[in-house]
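Here are some notes for a colleague who is meeting this structure for the first time. Please keep the sequence and the model open while reading the points below.

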Amino acid sequence: MTLRLMEGTEAIAEAAILSGCRFFTGYPMSSFTKLLEHFAQKLPENNGVCINAESEIEGINMTIGAASTGARAATGSCGQGLALMQEAIAEAALNETPLVIFNMARNQQDYFQATRGGGWGDYRTITLAPKDVWEAVEHTQLLFHLADLYRAPVLLYGDDLIAKTQVGVEIEAREFGTLPDKNWALDGKLSGTGKSRVTWTFAWGKHNTPGLRADKHWRNIAAKFDAINNIEARWEQQYTDDAEIVVVAFGTVAKFVESVVEELRTKGHAIGFFRPITLWPFPNDALEQATNSVRRVLVFELNAGQMIDDVKLSVADKTKVQGIGGVSVHDSGLSYGDLLSAQSILTRIEEIITGDKK
Amino acid sequence: MNYIATNAPPAEKSKLVANSHSPLLQTTEHHFCAGCGEPVGIRILLEALSELSLVDGSIGVVGHGCYGGAVTTIDVDILQCLHGRAPSCATGIKRMRPESTVFTIQGDGDMVNEGLQEVLHTAARGENITCVLFNNGVFGDTGGQMTTTSVIGQRTKNSINGRDPAAHGFPIHISNLIASLEGSAYVARGAVHKAGAIAKTKRMLKRALSLQQQGAGFTMVEILTMCPTGWFVPVSEGGDYMADSMEKIYPVTVLKNIA
């Protein structure tokens with residue numbers, strides 16, 4: 001195995017290109033900027049195109065165009081830029097165009113944006129939240145597969161730490177199984193044959209080849225996301241078999257929580273750890289089972305309380321659920337604040353343990 | 001004096017002397033209002049594609065307006081995109097399929113109101129696509145509201161006493177803006193209210209599509225189209241009304257044509 005030292009954004013760009021990504025757009029924005037720079041450098045060397053989009057709205061619409069031809073295409077930004085893309089994410093979900101979108105988020109305040117979305121219509125976005133650069137490399141490749149498998153826009157919820165951390169990485173192509181043919185891809189080869197195609201959220205089809213039209217099409221879309229919800233949930237859990245307390249966290253923050261839980265285990269506390277890897281679909285059933293016999297479910301997230309809603313929807317007795325995170329950003333607004341430290345997390349969990357003993 | 005007797009069946013059966021159907025339509029049924037200029041614009045675009053033998057491999061990107069419903073009829077692979085974003089979507093398509101002839105269809109509301117940024121940047125980048133603008137100075141699909149290309153004095157449902165610069169600002173001359181950008185290779189403004197104008201506009205479309213094939217850069221044809229319904233004028237007066245109002249502000253001409 002040959003490890004190469006590279007920062008997260010470079011590793012993600014390489015993983016995407018290895019997955020066959022041939023088109024990327026972006027608009028510089030911290031913590032995303034370096035991802036754009038790496039694609040701008042690497043894609044032209046790999047028979048691809050990277051466009052420095054004049055806005056996030058233009059960028060994602062260019063990406064929809066590229067993906068509509070069957071090419072693997074991606075875009076990205078931080079949460080602020082993804083806010084501008086919401087209309088187009090919904091569009092891609094409803095006209096069934098596969099896209100990969102990288103949110104190199106500044107913090108964890110985009111959970112609702114990722115899992116609820118701000119577009120129109122009944123759609124969801126598969127969202128993977130890696131805990132480190134290595135997992136981001138794997139998730140990037142998986143996301144291109146899932147986008148094509150389900151013909152849907154999918155999200156990577158990365159962050160400032162993943163973007164900037166340098167680690168030794170080996171990027172190997174992964175296999176995820178066969179995919180259906182892209183017979184929907186627009187190549188112009190059916191133009192003038194009487195069998196030409198149209199890609200449209202309303203699914204009217206053509207006169208000669210009528211589509212399902214809006215009502216049936218949107219029911220099918222809803223059924224598809226319902227099926228994904230039952231299939232694609234991913235999670236990681238540790239020490240939940242005998243735990244009295246389970247701490248739930250996602251993304252890089254979960255890696256801090258995991259180390260604190262390890263430390264508390266060595267001190268003899270019956271504590272466990274649960275990390276949703278997919279934020280949507282949220283691993284409701286797995287979390288319910290993991291927390292059935294616990295005393296408390298603590299949620300550590302660096303926002304005002306967003307994922308906790310999904311935790312409460314999963315845990316049978318929601319009175320057990322308590323948030324122990326909070327808003328914590330660097331004063332620049334561009335990255336995490338002081339609360340992201342093993343010591344802070346340890347202190348907050350120990351306060352709960354001590355309180356319970358009184 | 002020769003005349004055709006109408007009190008008896010004709011001596012000979014009638015016969016088709018010319019097929020007047022547009023090429024590249026899956027059906028001749030349509031949903032456009034009487035007197036609308038858009039079907040004429042679509043027809044000459046499709047004729048231009050056919051006559052230049054550019055149909056195979058052609059891909060259209062269509063925005064939202066009355067013309068949008070024609071995506072079910074036009075026999076070309078089409079991406080029906082978000083309002084205003086057609087030039088961006090077409091950019092992605094053309095970059096991935098440079099051998100394809102890629103065109104967009106937008107109205108003035110779509111291109112100049114909602115999508116001004118997209119079309120300007122796409123032109124400035126010199127994307128090798130052809131954008132077609134149907135400019136009727138009104139939101140026809142929603143029933144006759146002011147767009148940014150409505151002319152001064154034009155009465156619409158939300159400028160009921162006429163477009164007043166003090167309240168509504170001034171019209172945007174989009175083709176002139178685009179012609180000023182280095183990335184544009186060909187920019188022309190045609191119209192479809194008279195036979196001569198239709199023939200001239202078709203030549204513009206052919207020139208634009210030919211230049212795209214040559215990789216010349218961004219090409220655009222603005223087509224002034226009648227909208228009697230949205231202008232609240234009788235169908236038979238649509239053409240004259242357009243000549244008296246829009247055409248005076250937006251003259252039919254080739255604004256840019258690289259040698």
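1. How far apart do the C-alpha centres of domain 1 of chain A and domain 2 of chain A lie? In this model, which is a predicted one, those two centres lie 27 Å apart. The domain assignment of chain A places domain 1 at residues 4-169 and domain 2 at residues 235-357.

2. Where the two domains of chain A meet, 23 residues of domain 1 are in contact with 21 residues of domain 2. On the domain 1 side, at least two residues each are supplied by α5 (111-115), β6 (126-128), β7 (153-159) and α7 (160-164) of chain A, and α5(A) gives the most, with four residues. By character, the residues on this side of domain 1 of chain A comprise nine nonpolar, eight polar and six charged.

3. Please also look at the open sheet of eight strands, which has mixed pairing and runs in the order β9(A)-β2(B)-β1(B)-β3(B)-β4(B)-β8(B)-β7(B)-β9(B). Its edge strands, each of which pairs on one side only, are β9 (198-199) of chain A and β9 (253-257) of chain B.

4. Within that sheet, β1 (residues 59-62) and β2 (residues 77-80), both of chain B, pair in the parallel sense over four bridges, and Val62(B) stands opposite Gln80(B) in β2(B). Helix α2 (residues 86-96) of chain B packs on the sheet, where it touches β1, β2, β3 (102-107) and β4 (130-135) of chain B; the direction of this helix makes about 175° with that of β3(B).

How values were computed: Residues are numbered from 1 along each chain as its sequence is written. Chains are lettered from A and ligands numbered from 1 in the order in which they are written. This is a predicted model: local features need pLDDT of at least 70, side-chain atom pairs count only at pLDDT 80 or more; totals for chains, interfaces and linings use all residues. Two strands pair if DSSP finds at least two bridges between them. Two residues are in contact if their C-beta atoms, placed from the backbone, lie within 7 Å. Axes are lines fitted to C-alpha atoms, for helices over the stretch in contact, and angles run from 0 to 180 degrees between N-to-C directions. Domain bounds come from an automatic or database domain assignment. Ala, Val, Leu, Ile, Met, Phe, Trp, Tyr, Cys and Pro count as nonpolar, Asp, Glu, Lys and Arg as charged, and the others, Gly among them, as polar.
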